[in-house]
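Thank you all for making the time; I would like to walk through one structure with you, slowly, for the benefit of anyone who has not looked at it before. Please have the sequence and the view open while I talk.

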Amino acid sequence: MAEKIVLENGQLRVSDHPIIPFIEGDGVGKDIWKSAQSVFDAAVEKAFAGQKKVAWTEVLAGKKSFDQTGSWLPDETVETIKDHLVAIKGPLETPVGGGIRSLNVALRQELDLYACVRPVRYFKGIESPLKHPEKTNITIFRENTEDIYAGIEWEAGSQDVQKIINFLQEDMGVQKIRFPETSSIGIKPISIEGSQRLIRAAIDYALENKLTNVTLVHKGNIQKFTEGGFRKWGYELAQREYAKELASGQLVISDIIADNFLQQILLNPDRFDVVALTNLNGDYASDALAAQVGGIGIAPGANINYRTGHAIFEATHGTAPDIAGQDKANPCSVLLSGCMLFDYIGWTAVSDLITKAIETNFSRGYFTADLAFGKGVEALSTSQFSQRLIDSIGER
Ligand code: NAD
């Protein structure tokens, strides 16, 4: 019988038939989800000789949801994901002029998914701008709930911004606002709790995966208390909670200024294993690192709250309206996000099979159009590529 995944004493309890909600996604979501689900099912069947099976259950969000229910993100969807802990989603169209600024942000906030996790690795056969892209193998932990993403800002010329500027100048003695008459103002909250829960997740991940280096990326030379706080609180946390691992050399914590980090990931990417960043820096670094190993069609991601267990795994690209419905999209982003999901619930045999099948097919020169471009090989459709994966999952 299909059962919900639950959190018991801080551990996920996953039955042989877990119910996992999915959001198909808009645009190419339909193309990639259908293919991905068949690959997931084939890998689960193979890994456990038919003893285990996921009960996928669709929940609505995005344009599909709006067309069917009149709501971009029905309460029922959020409640179902809350109740089932783990979910996976395709890309969602952002409503233009709607009440919700971004559906992805809304889901992250509703479930307090504080860690955005993006593993970045190279697959042989993929075009990269680097000479040695295989040296890039970095897992990003981006803080997901604070920083300027809190959305606290006021527009230049508004009454509200004037109130803030008056307060800063009159009550706080601030004299450095260069053009007070025409400035917009934004606020950047960075807290001890917010920083430490993210950095703790990064360190735990490193230890679990036998990775040594955890690097705190920050701009603390300029933003002393916010970005500098992130750095300082990170070191304090490591000293307090991981003294044994630090002493044994199992864990090495270091820090780097964000601009130098963007330089070093190109020059010496093998210096880094796991990196922890504040929200905005993490945003820039995620795309830069994804581009370095071949771009968005193959970049997976997850948003996780390790305390409650809630996690949403997602394709990191958008709805790709230019190729939607044409059976052309690359399904690897959602597939590799699925691999992260299977690792998260402890079904690592499944993710191993899928990752291996992707590696095998890339090395044999099988690609969807986005990756085949310029290689002189014929591009496979989404469904042809997925069928090849399913066939190679069966190979010994
Ligand atoms: P996009 O990622 O949809 O497309 C950018 C380019 O990459 C396009 O040329 C597209 O064809 C290509 N591309 C993207 N995914 C691909 C795949 N799987 N295979 C092959 N090629 C792929 O970005 P955009 O055009 O800026 O955004 C389109 C819509 O998606 C917008 O409504 C945006 O808000 C939304 N969006 C959603 C998410 C999300 O849900 N996580 C992320 C980004 C953008």
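Leaving aside its neighbours within four places in sequence, which residues is Asn330 in contact with? Before I answer, please keep in mind that what you see is a predicted model. The residues in contact with Asn330 are Ile32, Gly297, Ile298, His317, Thr368, Asp370 and Leu371. I begin with this residue because an unreviewed UniProt entry places the feature "binding site" at Asn330, although such annotations may be inferred rather than shown by experiment. Asn330 sits in the loop between strand E14, residues 311–315, and helix H11, residues 332–344. Its relative accessibility is 6%, and Asn330 therefore counts as buried, since the cut-off for that word is under 20%.

Let me step back to the chain as a whole before returning to that loop. There are 14 helices and 14 strands in the chain. For 396 residues, a compact globule would have a radius of gyration near 21 Å, and the 22 Å found for the chain agrees with this. Along the principal axes, the C-alpha atoms fill a box of roughly 70 × 55 × 50 Å. Of the 396 residues, 48% are buried, while the chain exposes about 19,000 Å², with carbon and sulfur atoms supplying 50% of that area. If we take the contacts between residues at least 6 apart in sequence, 73% of them join residues at least 24 apart. As for charge, the chain carries 40 positive and 51 negative charges, and the mean positions of the two sets are 5 Å apart.

Now back to the loop between E14 and H11, where we also find His317. His317 is buried, with a relative accessible area of 12%, and, not counting residues up to four places away in sequence, it touches Val28, Ile32, Pro91, Ile296, Gly297, Asn330 and Ser333. If you compare the two residues on your screens, you will find Ile32 and Gly297 among the contacts of Asn330 and also among those of His317. Asp327 lies in this loop too, and its phi is near 60°, a positive value in a residue other than glycine. With 28% relative accessibility, Asp327 counts as partly exposed.

Moving on into helix H11, we come to Val334. Is Val334 buried or exposed? Val334 is buried, with a relative accessible area of 1%. Outside the residues up to four places away in sequence, Val334 touches Ile32, Trp33, Ala36, Phe40, Ile88, Lys89 and Ala315, so please note Ile32 once more, this time in the list for Val334. By way of distance, Val334 and Ile222 are 112 residues apart in sequence and 37 Å apart in space, C-alpha to C-alpha.

After H11, the loop leading to helix H12, residues 348–363, holds Ile345. Ile345 counts as buried at 7% relative accessibility, and, leaving aside its neighbours within four places in sequence, it is in contact with Ile5, Leu12, Val14, Ile20 and Val86. The C-alpha atoms of Ile345 and Lys124 are separated by 27 Å, with their positions 221 residues apart along the chain.

I would like to end with some residues from other parts of the chain. In helix H5, residues 159–171, we find Leu168, which counts as partly exposed at 23% relative accessibility. Where its contacts are concerned, and again leaving aside neighbours within four places in sequence, Leu168 is in contact with Gly173, Val174 and Ile177. Its C-alpha atom is separated by 50 Å from that of Asn330, where we started.

Lys131 is found in the loop between strand E6, residues 115–121, and strand E7, residues 137–143, and at 80% relative accessibility it counts as exposed. An unreviewed UniProt entry gives Lys131 the annotation "modified residue: N6-acetyllysine". Ahead of E6, in the loop that follows helix H4, residues 103–110, lies Asp112, a residue other than glycine with a positive phi, near 50°. Asp112 is partly exposed, with a relative accessible area of 28%.

Key: Residues are numbered from 1 along each chain as its sequence is written. This is a predicted model: local features need pLDDT of at least 70, side-chain atom pairs count only at pLDDT 80 or more; totals for chains, interfaces and linings use all residues. Side-chain values use heavy atoms; hydrogens and water are left out. Helices (H or I, at least four residues) and strands (E, at least two) are DSSP runs, numbered from the N terminus. The radius of gyration is taken over C-alpha atoms; the globule rule is 2.2 Å times the number of residues to the power 0.38. Buried means under 20% relative accessible area, exposed over 50%, partly exposed in between (1.4 Å probe, protein chains only). Contact means heavy atoms within 4.5 Å. Accessible areas come from the Shrake-Rupley method with a 1.4 Å probe; for residues, only the protein chains shown count as cover. Lys and Arg count as positive and Asp and Glu as negative; His and the chain ends are not counted. The place of a charge is taken as NZ of Lys, CZ of Arg, CG of Asp or CD of Glu.
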